[in-house]
Amino acid sequence: MHRFSFRQIDYFKVAKELVANLALATLIVFSLAPEKFFSEEGLLDIWDQILYSLILCLGLGYGNGYLNDILNKRYSWIHYPVKRLLYSIAMLLYSFVFCLIAVYIFVNIQHSGNAPNITLSEYISYTYIPLGIAVLITAFLTSRGFLMSWRQAAIESEQLKRAHIASQYESLKNQINPHFLFNSLNALTHLVYEDQDQAALFIRKLAEVYRYVLDTQEKEVVSLSEELAFVKSCVFLHKIRFEDNLQVDIQLPEDENLMLPPLSLQMLLENAIKHNEISDEHPLHIQITTQREHIVVTNTIQKKAHKEYSSGLGLQNIKSRYEHLSSLSVEILEDLHGFTVKLPLLKFSHHEGIDY
């Protein structure tokens, strides 16, 4: 159980708040009767009104603040907006009761317990001014609480979204199909005995591929010309294995100002090779072109007899990276003629950065 301790009290803060409330109470009385402040007799006559105003300021300010804190803890603006608003309006009931009690006590003290015959409606009329102040306090606390809750919710939502996408991006960005290395080494084993010059070129291309992977692992985007050179190296390695059974038609401009996530084209190339039969009877055709503001990758569909396991991470990887980088989305189309993926091209300016 929490025990109250006097050591927990910040006396300097309490003193500052008392002085601030006293100044506010004095200002309220001055606005109602400014002439009283310019004579000694007037000051003696209004000290009790200043005290009364101070009690109202403390009671309304701290009381409404305490109730507002309780409501903030129990009824979030985000989860219970209607209930929270109704409770905030109900706070005015506390203000009214407090003002009514304060008026009753003040009137009786002022008349030394012999208060004149005052009706309830007259007591209520004395609460109009402090109630008006209470309405302002409640409106301020309500609007402040709503805006702070909305801002915090927006920040948390954005942080959660970015953290989720960034974690997916980081965990998936560096992946490259392990079958690619296995198949490349297999092809190299046969090539060494058949054509040593071609084997040497194969090794250089393989080194270029993995150098590119290492060089771009910290990058979010690369130029289209860089990715194009990388894809051509990958195609060279695959054609050593499949020869003319793999036909890749690339028609892309070498533009340094057009950007895309690294390895995205390679993943689409790998997906097409992985999921389709490639043989003399069924050669695989892949076309990589541009269409307006997109790179369009299309391959013929000729499913393998024994379907390989697919986790779906390849396409999801590309989608996640575009979500992380841009509001533009990846389009995936499939029909009887082929499988098509459209990747938005990101424009880059050295002065403006990425243009989404």
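The following exchange concerns a few local features of a predicted model.

Reader: Which helix holds I101, a residue of the nonpolar surface patch?

Author: The patch covers about 480 Å² and is made by L93, V97, I101, Y104 and I105. Within that group, I101 is found in a helix that spans residues 81-110, namely α3.

Reader: Is Q302, in the loop between β5 and α10, buried or exposed?

Author: Q302 lies in the loop that runs between β5 (294-299) and α10 (313-325). Leaving aside neighbours within four places in sequence, Q302 is in contact with H275, N276, E277, H282, P283 and L284. Since buried means under 20% relative accessible area, and Q302 has 15% relative accessibility, Q302 counts as buried.

Reader: What is the phi of E243, and where does this residue lie?

Author: Most residues other than glycine have a negative phi. E243, found in the loop between α8 (224-242) and β2 (246-251), counts as exposed at 55% relative accessibility. Its phi is positive although the residue is not glycine, with a value near 55°.

Reader: L263 also has a positive phi; is L263 buried or exposed, and at what relative accessibility?

Author: The phi of L263 is near 75°, a positive value in a residue other than glycine. L263 lies in the loop between β3 (258-260) and α9 (264-275). Because buried means under 20% relative accessible area, L263 counts as buried, its relative accessibility being 4%.

Note on methods. Residues are numbered from 1 along each chain as its sequence is written. This is a predicted model: local features need pLDDT of at least 70, side-chain atom pairs count only at pLDDT 80 or more; totals for chains, interfaces and linings use all residues. Side-chain values use heavy atoms; hydrogens and water are left out. Patches are made of residues with over 30% relative accessible area and no salt bridge: like charges are joined within 9 Å, nonpolar side chains (Val, Leu, Ile, Met, Phe, Trp, Tyr) within 5 Å. Accessible areas come from the Shrake-Rupley method with a 1.4 Å probe; for residues, only the protein chains shown count as cover. A salt bridge is a side-chain nitrogen of Lys or Arg within 4 Å of a carboxyl oxygen of Asp or Glu. Helices (H or I, at least four residues) and strands (E, at least two) are DSSP runs, numbered from the N terminus. Buried means under 20% relative accessible area, exposed over 50%, partly exposed in between (1.4 Å probe, protein chains only). Contact means heavy atoms within 4.5 Å.
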